[in-house]
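User: Please take me carefully through the architecture of this model and the way its chains and domains meet, with the criteria stated as they come up.

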Amino acid sequence: MSVDTTGLTAYRCRELLAGGEVSASELTRAYLDRVAAVDEAVGSFLLVDEAGALAAAAAVDAKPLAERLPWEGVPIGLKDIFCVTDMETTCASRILKGYVPPFDATVVAKLRAAGLIFLGKLNMDEFAMGSSTENSAFAITRNPWDLERVPGGSSGGSAACVAAGEAPWALGTDTGGSIRQPASLCGVVGLKPTYGAVSRYGVVAFASSLDQVGPLTRDVKDAAALLDLVAGRDPRDSTTIGLSEPAGRPERTDLEGLRFGVIKEFGGDAFDAGVSDVFASAVDGVAALGGVCEEVSLPSVERGIAAYYLIAPSEASANLARFDGVRYGHRVAASDDLYEMYVRTRSEGFGPEVKRRIMIGTYALSAGYYDAYYAQAQRTRTLIIKDFEQAFARYDFLISPTSPTPAFKIGERIDDPLTMYLSDLCTIPVNLAALPGISIPAGFAAGLPVGLQIIGPHFSERRMLEAAHALEQRLQVDTVPPLAEVTR
Amino acid sequence: MISREEVEHVARLARLHFSEEELARLQPELGQIIDYVHQLAELDLSGLEVTSHAVALKNVLRSDVPEASLTQEEATRNGPAVERGQFVVPRIG
């Protein structure tokens, strides 16, 4: 049978496979065909592993249905930040071009053990630094809802591929909004788990006190399932704790007895009017389901971007010191002096935004500035954590728009770093406080998707996903972009 | 604000080199970002601890037991210059 992949969830893929309605090979072929049909326009993928995916699917088909694991044979796309054995992993950077990991990231090993089929590697901002995927050294990714616009970032390829039906789901990473913001801009679900829920072993590091791995999916149920597949304590990442309970399969359809704080600072004139309208309707939806919504002020979150643009670049400047042309990746051709080799390799290998952030981080950590900048940013972080703690004493969840604007035009913000940074106003404080956050499609502003963010206390993923599912069922947003109809 | 000399100094620390043209663009960009984050330097946060890790977790230990790891060949195969299982680098000038 031929499969229409547009709108297809991972749970539906699983049902089709379990019912014997399609083989893993047919399903994988359908996604590869979809990639072949639309990816020249969308540009989600940096690498399509057609041969590897078909071989893995054939191996699944060789096993009797009764002996298969629940998700065996379901395809997935991976952000190009995850190390996959024998599959080029570049982090969308010239400095890692040609790097072929000799090992799997822990999350990749888990997905492999669960029998998922890897379709390939997805585009991103170089080293996950950006909010539009325009900082990729290799390709432009376009928003499936409007090909003149960005998909968001840094997990832009992951969000675009799920929106365009090129994969049922994808794995991304989120340091300041890099899962939730592109999910919002592409009309898909994006979950950033609590810091410590998912291992980062084998995930190229950006800002280690903030980085977290999470799912981008078509609906909330799939997000819960993919979270359960990758979460857990890992001896190879000493920051991991794992989930306090599995997310399971969310079924809740009401919000009775739940209190939602609407974050006052994440609204107002700086927000696109269409976004504010969609958000207001969604808040009405929460109330209609029995949830109580009240405005709550978290004054310190307005300092979030300033704190983030000290902490993240500082940690990045240290993490990216390893890219020196010695152990992997790019090295300048002729150089007979070590210092010179480092400098020329790094200057050729890193793109402009990565260099900017290394410079900011190096400056903030350098002698004489450490206390004024880095330490002060870490104190601001404490202030933000305290504001969230106070809010969670009164509310089960906090809600806001995910992004102040819908998808912007390609090229519109690329020459203005500070304006680009403001894209992550509502998502950054969640990383600073290590909280779980999810973006779900809430509606449209001038034809472009708008996401709603739900923020929960540490390790509240199960309850948060139940609430997100209830709201998703109420809002009933059609998340298949017109792109699908044109090429169907 | 950040001076041209400071930009060049920080670039040396970060093992980066910028052309004249890049410096002309970078200096005001960095200045703009530093002016923005400078808002924090002006806050009185003297009573607050610094947060380096936002989830309660400390002293994570494991048993000191050897286990299988990458072979030398696997560990070095991505090196741009490798000889007899070692990474080759230019002389230290």
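Analyst: Domain bounds here come from an automatic or database domain assignment. This is a predicted model, in which local features need pLDDT (the predictor's confidence in each residue, from 0 to 100) of at least 70, side-chain atom pairs count only at pLDDT 80 or more, and totals for chains, interfaces and linings use all residues. Residues are numbered from 1 along each chain as its sequence is written, while chains are lettered from A and ligands numbered from 1 in the order in which they are written.

User: How far apart do the C-alpha centres of domain 1 and domain 2 of chain A lie?

Analyst: The assignment for chain A gives domain 1 (10–249 + 476–487) and domain 2 (302–376). Taking the C-alpha centres of domain 1 and domain 2 of chain A, the separation is 28 Å.

User: How many residues does each of these domains of chain A bring to the contact?

Analyst: Two residues are in contact if their C-beta atoms, placed from the backbone, lie within 7 Å. On that criterion, the contact takes from domain 1 of chain A 21 residues and from domain 2 of chain A 17 residues.

User: Why does the largest nonpolar core lie between the two domains of chain A?

Analyst: A nonpolar core is a set of buried Ala, Val, Leu, Ile, Met, Phe, Trp, Tyr and Cys residues joined through C-beta atoms within 7 Å, where buried means that 20 or more other C-beta atoms, placed from the backbone, lie within 10 Å of a residue's own. The largest such core has 171 residues, and Tyr309(A) and Phe397(A) are among those with the most contacts inside it. The core lies between the domains because residues are given to it by both domain 1 and domain 2 of chain A.

User: Which residues of chain B are in contact with Tyr309(A)?

Analyst: Leaving aside neighbours within four places in sequence, Tyr309(A) is in contact with Ile360(A) and Tyr421(A), and, in chain B, with Ile33(B) and Val37(B).

User: Which helix of chain A supplies the largest share of the side that touches chain B?

Analyst: Across the two chains, 58 residues of chain A are in contact with 41 residues of chain B. Helices (DSSP runs of H or I, at least four residues, numbered from the N terminus) that each supply at least two residues of that side of chain A include helix 9 (304–319) and helix 10 (338–349). The largest share, 12 residues, comes from helix 12 of chain A.

User: What ipTM and pTM does the model score?

Analyst: For chain B, the mean pLDDT is 92, with 100% of its residues at 70 or more. The model as such scores ipTM 0.95 and pTM 0.97.

Key. Buried ≥ 20, exposed ≤ 12 C-beta atoms within 10 Å, placed from the backbone.
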